[in-house]
Amino acid sequence: RTKTKTTTMRTSALFLSGLAAAQAFCPAPATSGVLSLRAQSDGVSRRNVLGGILGGASVAALSIFSPAEAFAATARTGPASVYTGEYDDPNHPGCMRSVKVVGQQMGTNGKRRREPAVVIRGTDGPAGTCVEGDATVAPWRITGYVSDNGKLNVDFTPKGGPKDLIATYDGGIKFPDGNTWTKKEAAK
């Protein structure tokens, strides 16, 4: 579907660039007399011809040579993302689970990733539960990204888990082991 949409957009851009070039070369027809000579001389100027050619060529070049990602919808980050928020984890009652989609991050190769990055912060107690004020509660931080298909890919290796854990959003963050973090209502 995206490929068809991209092809249609390119065809439309080429058609519009052709119209712009044709208009630059073929000004409105003259009616008669001195006004018609003036209209012809105003319509066919080097500026109009070059403007039509360059404008049409730039639209055509952008539509042909730009990658398909340029036409894709941008991923939502920050509060606009369904993933961003505070969660309850039934496997760790009372423990903090905070997810934030922060946008594209710089990769190790010096280029920005296409996918928005995700930072998950949390706490875990020694018995799996957390009690406010307990000094034995340990904070942790893990990262991941939201893939093109909207799934959350998380690296749980800092917590001793898998590197590429894939989770989905269905009213909460649903993990492959059956655990689902439910989103807390935002404070008003």
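Ser147 sits in the loop that separates strand β4 from strand β5 (152-155). The model is predicted. Ser147 counts as buried, because its relative accessibility is 16% and the cut-off for burial is under 20%. Beyond the neighbours within four places in sequence, Ser147 is in contact with Glu115 and Asn153. Glu115 is 32 residues away along the chain, yet the C-alpha atoms of Ser147 and Glu115 are separated by 5.8 Å. The side chain of Ser147 also makes a polar contact, at 2.3 Å, with the side chain of Asn149.

A second site centres on Asp124. This residue belongs to strand β3, which spans residues 112-124. Asp124 is buried, because its relative accessibility is 13%, and burial is set at under 20%. Its side chain makes a polar contact with the side chain of Lys159, at 2.4 Å. Residues up to four places away in sequence aside, Asp124 touches His92, Cys95, Arg97, Cys130, Thr136, Val137, Ala138, Trp140 and Lys159. Lys159 thus appears both in this list of contacts and as the partner in the polar contact.

Two of the residues touched by Asp124 are Cys95 and Cys130. Cys95 and Cys130 form a disulfide, with 1.9 Å between their sulfur atoms. The count of disulfides comes to one. Cys95 lies in the loop between β1 (85-88) and β2 (97-106), and Cys130 lies in the loop between β3 and β4 (138-146), so the pair ties together parts that are 35 residues apart in sequence. The torsion about the S-S bond is about 95 degrees, so the disulfide is right-handed. Both cysteines are buried: the relative accessible area is 3% for Cys95 and 13% for Cys130.

These sites belong to a chain of 188 residues. The chain holds three helices and eight strands. Read from the N terminus, the order of elements is α-α-α-β-β-β-β-β-β-β-β. Buried residues account for 29% of the chain; Ser147, Asp124, Cys95 and Cys130 are among them. Of the contacts between residues at least 6 apart in sequence, 45% join residues at least 24 apart. The contact of Ser147 with Glu115 links residues 32 apart along the chain. The exposed area of the chain is about 12,800 Å². Carbon and sulfur atoms supply 58% of that area.

Notes: Residues numbered from 1 in each chain as written. Predicted model: local features only at pLDDT ≥ 70, side-chain atom pairs only at ≥ 80, totals over all residues. Heavy atoms only, no water. Helix = DSSP H or I, 4+ residues; strand = E, 2+ residues; numbered from the N terminus. Buried < 20%, exposed > 50% of the residue type's maximum accessible area, 1.4 Å probe, protein only. Polar contact = N/O pair within 3.5 Å; in protein donor to acceptor, adjacent residues only side chain to side chain. Contact = heavy atoms within 4.5 Å. Disulfide = S-S within 2.5 Å. Areas by Shrake-Rupley, 256 points an atom, 1.4 Å probe, with all protein chains shown as cover.
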